[in-house]
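Q: Could you take a close look at the ligand site for me, and at the parts of the chain that build it? I would enjoy one connected walk through it.

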Amino acid sequence: MAKLNLAVLISGSGSNLQALIDACKDPDYPAQINLVISNRPDSYGLERAKKAGIPAFVVDHKDYAGRGAFETALQATLSEYPVDLICLAGFMRILTADFINQWPNKIINTHPAKLPDFGGEGMYGEHVHQAVLDSNAEMSGASIHYVIPEVDQGKVIKQETVPVLPDDTVETLAARVLEQEHIIYPEAVRMIAEKRT
Ligand code: GRF
């Protein structure tokens, strides 16, 4: 059976990318990563891609006058390879409706909370975990969801919860959530490849 062709977009350490790289090492896994694009030249995820022999590109948003020009450059790089699914993995840029609408139901993202809670504008990275701690919530989680123009409001594909502990800091909670992201992201991609979403 043909494998699902993935493009993975990153900005930082790329630990979710690494989870997908590791999953793809299994010859029976129904997806393969054809390219990695980072909007940041210093993203460690680029090293991870190179080590795995995956074509890796930088499309630096600072090199472009606006979101439109940046996304045109993204599209140009993506068009060089077969891509069935774009996986945002620690990718820190908001994509415009124009871009998203060119990839209907073909862009997914990992969000480090239990959507729809603690999602939406401004809810990214450590801001999410700080908001969870400030709310005294007893649980948080990780969510893999489809990307639609409304931030973090696309259909959830796979979700996992984690406990919030009394002595948690942003760092300890983030680490516990990240551990679950690494498990559910490859599972969500498998579900899409096997048309189970
Ligand atoms: C992850 O928690 C992701 O949800 C958030 O950035 C964190 C780091 O991602 N957007 P990675 O290690 O770069 O995959």
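A: Happy to! One yardstick is useful at the start: the expected span of a helix is 1.5 Å times one less than its number of residues. Please keep in mind that this is a predicted model.

Let us start with a helix at the site. α6 runs over 170-193, and because its 24 residues at 1.5 Å a residue should span 34 Å, the 34 Å between its end C-alpha atoms agrees with expectation. Just after α6 comes Lys195, whose phi is positive, at about 55°.

α6 is also part of the ligand's surroundings: at least two residues of the shell come from α6, and at least two come from α1 (15-24). The full set around the ligand is Ser13, Gly14, Ser15, Asn16, Ala89, Gly90, Met92, Thr110, Pro112, Leu178 and Glu181. By character, that shell holds four nonpolar residues, six polar ones and one charged residue.

Now for the polar contacts. The side chain of Ser15 places an N or O atom 2.6 Å from an oxygen atom of the ligand. Asn16 takes part through its backbone, where a polar atom is 2.9 Å from a ligand oxygen. Glu181 uses its side chain, with a polar atom 2.6 Å from an oxygen of the ligand. On its own the ligand has 370 Å² of accessible area, and the protein covers 84% of that. The space the ligand takes is the largest pocket.

Finally, some backbone details to go with this picture. Thr110 and Pro112 belong to the shell, and β5 covers 107-111. In the loop between β5 and α5 (126-134) lies Pro116, which is joined to Leu115 by a cis peptide bond with omega of about 5°. The loop between α4 (97-101) and β5 contains Asn105, a residue other than glycine with a positive phi, near 55°.

Conventions
Residues are numbered from 1 along each chain as its sequence is written. This is a predicted model: local features need pLDDT of at least 70, side-chain atom pairs count only at pLDDT 80 or more; totals for chains, interfaces and linings use all residues. Side-chain values use heavy atoms; hydrogens and water are left out. A residue is near a molecule or strand if one of its heavy atoms lies within 4 Å of it. A polar contact is a pair of N or O atoms within 3.5 Å; within protein, one must be able to donate a hydrogen and the other to accept it, and residues adjacent in sequence count only if both atoms are side-chain atoms. Accessible areas come from the Shrake-Rupley method with a 1.4 Å probe; for residues, only the protein chains shown count as cover. On a 1 Å grid over the protein atoms alone, a cavity is a set of points where a 1.4 Å probe fits but cannot get out, and a pocket is an open set with protein on both sides within 12 Å along at least five of seven lines; lining residues have an atom within 4 Å of a point. A molecule sits in a cavity or pocket if more than half of its atoms lie within 2 Å of its grid points. Helices (H or I, at least four residues) and strands (E, at least two) are DSSP runs, numbered from the N terminus. Ala, Val, Leu, Ile, Met, Phe, Trp, Tyr, Cys and Pro count as nonpolar, Asp, Glu, Lys and Arg as charged, and the others, Gly among them, as polar.
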